[in-house]
Amino acid sequence: MRFVISALFLFVVAAAYDPLDPNGNLTIKWDIVSWTPDGYVAVVTMNNFQMYRHIMSPGWTLGWTWAKKEVIWSMNGAQTTEQGDCSKFKGNVPHCCKKTPTVVDLLPGVPYNQQYSNCCKGGVLPAWGIDPQSAVSAFQISVGMAGTSNKTVKVPKNFTLLGPGPGYTCGPAKVVPSTTFLTQDRRRKTQALMTWNVTCTYSQFLARKNPSCCVSFSSFYNETITPCPTCACGCQNKNSCVKSGSKVLKRAGVNTPRKDNIPLLQCTHHMCPVRVHWHVKVNYKEYWRVKVSIINFNYRMNYTLWSLAVQHPNLNDVTQVFSFDYKPLVPYESINDTGMFYGMKFYNDLLMEAGPFGNVQSEVLLRKDKDTFTLKQGWAFPRKVYFNGDECMLPPPDTYPFLPNSAPHQQLFSGLTAIAAMVFLLVTVW
């Protein structure tokens, strides 16, 4: 029994490890900045240190369990979803009295006196590798009945993070050296009275039992299109899918997301919300060109700040990406075979819901490495593909588009004989 539990633990830990972003995590920092008569005021900062995994709308949800009988007197830049039972308080009633508060970000446009720096983005948190300046969210919290010194304050326990769905696992809070702050004139440093950190990591295994995207292939040298595997993302939505052009799509509100996040998928054989298509388009003397397309099949979801991570050995020499932004990912200094594509701001950084506009695409020009480049045995196709941080299902290798077989020796000899005869006749005529 102990062996089974240990094996399961190792499996979950391994699933949380991302080989394309081995150091990626979301860090929560809790800085106590002042004491109050019955507690403290703290600034809670969330940094998304992941290279290509965003937290999309409806945003993050943060929870924890108080170590004692703490209450939240007030908050700026965020709010709890429930107040809880505050009936024992007379006059000044706390913002939240729950033992296990659940906190969400405020929406853009809230009154100024409710805001805090880096708040109020609806919980959307871009990846650090794409937009490091926006990959932070913060709020201020006033905690009561908590102790008024470093010795009497107890760190919260059992941190949870939804981003926006399951998948994140948070470790225990650890007291670390106090954070230092610079004043606005940058001439003086101040220091937090106490600081603790919580590190959360993502696991696709915990997030969902099936993939959320799949990959298809095609090439200029073979008419066959290698499709996504059948039921690549599970067929649990097969009975509720909608055929393209159905009258259901003309109803009002069909594109409105549901609170339970159940998708409304277009009927396909793969039943995936997203399909990535990799087409080997042209083979030049010193370069080769690929067309990458991303198609959305979910009528209830558009993807803001989408990202696509691809692993391929020739990504070490990308010459030009025409309609996407591109950044190499080098998780291991000695290997440069992974890159990240994402939308150009205000141009195609929004992947619309399923329909005529539910796709984005770009061509990629790569310089050949004469020692490694080949069109044989599926070399021109990617090894791994991640959409919005989740690994997509690739087709089986034996179904990849293959080069046409070379002509048999006898046919080749006959062809050369015919050409020689034609040349002889031309020479004779002239």
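Start by selecting Leu350, which lies in strand 23 (residues 350-351) of this predicted model. Leu350 counts as partly exposed because its relative accessibility is 35%, and partly exposed covers the range between 20% and 50%. Now add Met352 and Phe357 to the selection. Together with Leu350, these residues form a nonpolar patch on the surface. The accessible area of the three together is about 300 Å².

Next, move to a charged part of the surface. Select Lys69, Lys88, Lys99 and Lys157, which gather in a patch of positive charge. Within that patch, centre the view on Lys99. Lys99 sits in the loop between strand 5 (78-80) and strand 6 (102-105). Is Lys99 buried or partly exposed? Lys99 is partly exposed, since its relative accessible area is 43%.

Leave the surface and show the aromatic side chains. How many aromatic pairs does the structure hold? The structure holds 20 aromatic pairs. Take Tyr168 and Tyr202, one of these pairs. Their arrangement is edge-to-face, with 5.2 Å from centre to centre and 65° between the planes. This pair links distant parts of the chain: Tyr168 belongs to strand 9 (residues 168-170) and Tyr202 to strand 13 (residues 194-202), with the two positions 34 residues apart in sequence numbering. Both Tyr168 and Tyr202 are buried.

Select Trp306 and Phe324 next. They also form an edge-to-face aromatic pair, here with 5.0 Å from centre to centre and 70° between the planes. Distant parts of the chain are linked again: Trp306 is in the loop between strand 18 (303-304) and strand 19 (307-311), while Phe324 is in strand 21 (residues 324-329), 18 residues apart. Trp306 and Phe324 are buried as well.

For the last aromatic stop, select Trp30, Trp64, Trp66, Phe159 and Trp196. Ring pairs link these residues into a cluster.

Finish at Cys228, in the loop between strand 15 (222-226) and strand 16 (274-283). Is Cys228 buried or exposed? Cys228 is buried, because its relative accessible area is 3%, and the cut-off for buried is under 20%. Add Ser216 and draw a distance from C-alpha to C-alpha. Cys228 and Ser216 are 5.0 Å apart in space by that distance, and 12 residues apart in sequence.

Technical notes. Residues are numbered from 1 along each chain as its sequence is written. This is a predicted model: local features need pLDDT of at least 70, side-chain atom pairs count only at pLDDT 80 or more; totals for chains, interfaces and linings use all residues. Side-chain values use heavy atoms; hydrogens and water are left out. Patches are made of residues with over 30% relative accessible area and no salt bridge: like charges are joined within 9 Å, nonpolar side chains (Val, Leu, Ile, Met, Phe, Trp, Tyr) within 5 Å. Accessible areas come from the Shrake-Rupley method with a 1.4 Å probe; for residues, only the protein chains shown count as cover. A salt bridge is a side-chain nitrogen of Lys or Arg within 4 Å of a carboxyl oxygen of Asp or Glu. Lys and Arg count as positive and Asp and Glu as negative; His and the chain ends are not counted. The place of a charge is taken as NZ of Lys, CZ of Arg, CG of Asp or CD of Glu. Helices (H or I, at least four residues) and strands (E, at least two) are DSSP runs, numbered from the N terminus. Buried means under 20% relative accessible area, exposed over 50%, partly exposed in between (1.4 Å probe, protein chains only). Rings of Phe, Tyr and Trp (its six-membered ring) pair if their centres lie within 6.5 Å; planes under 30 degrees apart count as stacked, over 60 as edge-to-face and the rest as tilted.
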